[in-house]
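Subject: Structure handover

Hello,

Here is the structure I said I would pass on. My notes on it follow below the model.

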Amino acid sequence: MTQRYVCPYEVATGYTALGKKDDAFQWLQKSYEAHSICMIWLNSEPRFDPVRFDPRFVALVRQVGLPERN
């Protein structure tokens, strides 16, 4: 069986698209904990527009150390 790495950030985008916000945030937290380089795009990623104003997203942006969007 072949295994491939899938960035937790990308899994989170999939859950966001499916409307499964709680799962998306669990995977975003995993991405943060794994120091995924993808997290640099968190604040500008349009796939996260459905959760952008969720307090958990705002807190994660701060946790990552990214500037807040206007």
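Contact, as used here, means heavy atoms within 4.5 Å. With that cut-off, and not counting residues up to four places away in sequence, Phe25 touches Val51, Asp54, Arg56 and Phe57. Please keep in mind that this is a predicted model.

Helix packing

Phe25 belongs to helix α2. It is buried, because its relative accessible area is 11%, and buried means under 20%. Its C-alpha atom is 14 Å from that of Cys7, and the two are 18 residues apart in sequence.

Helix α2 covers residues 21–33, and α3 covers 55–64. How do α2 and α3 pack, in angle and in distance between axes? The angle is about 5°, and the axes are 11 Å apart. The two helices are therefore roughly parallel, since angles under 35 degrees count as such.

On the α2 side, the residues that meet α3 are Lys21, Asp22, Phe25, Leu28, Gln29 and Tyr32. Their partners in α3 are Arg56, Phe57, Leu60, Gln63 and Val64. Phe25 thus appears in this set, and Arg56 and Phe57 of α3 are also among the residues that Phe25 touches.

Ser31 is another residue of helix α2. Is Ser31 buried or exposed? Its relative accessible area is 0%, so Ser31 is buried. Leaving aside neighbours within four places in sequence, Ser31 is in contact with Cys7, Pro8 and Tyr9, and also with Ser36 and Met39.

Salt bridges

Side chains of opposite charge can pair when their charged atoms come close. The structure holds five salt bridges; I describe some of them here.

One of them joins the side chains of Arg47 and Glu10, at 3.3 Å from N to O. Arg47 sits in the loop between α2 and α3 and Glu10 in helix α1 (residues 8–17), so this pair ties together parts that are 37 residues apart in sequence. Both ends are partly exposed: Arg47 has 38% relative accessibility, and Glu10 has 34%.

Arg47 also forms a salt bridge with Glu45, where the closest N and O atoms are 2.9 Å apart. Glu45 counts as buried, because its relative accessibility is 12%. Which residues are linked with Arg47 in a network of salt bridges? They are Glu10 and Glu45.

Apart from neighbours within four places in sequence, Arg47 is in contact with Tyr9, Glu10, Thr13 and Thr16. In the other direction along the chain, Val58 is eleven residues from Arg47, and their C-alpha atoms are separated by 15 Å.

Asp54 and Arg56 form a further salt bridge, with the closest N and O atoms 3.0 Å apart. Asp54 counts as buried at 16% relative accessibility, whereas Arg56 counts as partly exposed at 35%. Asp54 and Arg56 are both among the residues that Phe25 touches.

The loop between α2 and α3

Besides Arg47, this loop includes His35 and Ile40. What is the sign of phi in His35? The sign is positive, with a value near 55°, and His35 is a residue other than glycine. Most residues other than glycine have a negative phi. His35 is exposed, because its relative accessible area is 70%, and exposed means over 50%.

Ile40 is partly exposed, with a relative accessible area of 48%. Together with Ile37 and Trp41, Ile40 forms a nonpolar patch on the surface. The accessible area of these three residues together is about 370 Å².

In brief

The points I would look at are the roughly parallel pair α2 and α3, the network of Glu10, Glu45 and Arg47, the positive phi of His35, and the nonpolar patch of Ile37, Ile40 and Trp41.

Regards

Notes:
Residues numbered from 1 in each chain as written. Predicted model: local features only at pLDDT ≥ 70, side-chain atom pairs only at ≥ 80, totals over all residues. Heavy atoms only, no water. Patch = residues over 30% accessible without salt bridge, like charges linked within 9 Å, V, L, I, M, F, W, Y side chains within 5 Å. Areas by Shrake-Rupley, 256 points an atom, 1.4 Å probe, with all protein chains shown as cover. Salt bridge = Lys/Arg side-chain N within 4 Å of Asp/Glu carboxyl O. Helix = DSSP H or I, 4+ residues; strand = E, 2+ residues; numbered from the N terminus. Buried < 20%, exposed > 50% of the residue type's maximum accessible area, 1.4 Å probe, protein only. Axes fitted to C-alpha atoms, helices over the stretch in contact; angles between N-to-C directions. Parallel < 35°, antiparallel > 145°, perpendicular 65-115°, else oblique.
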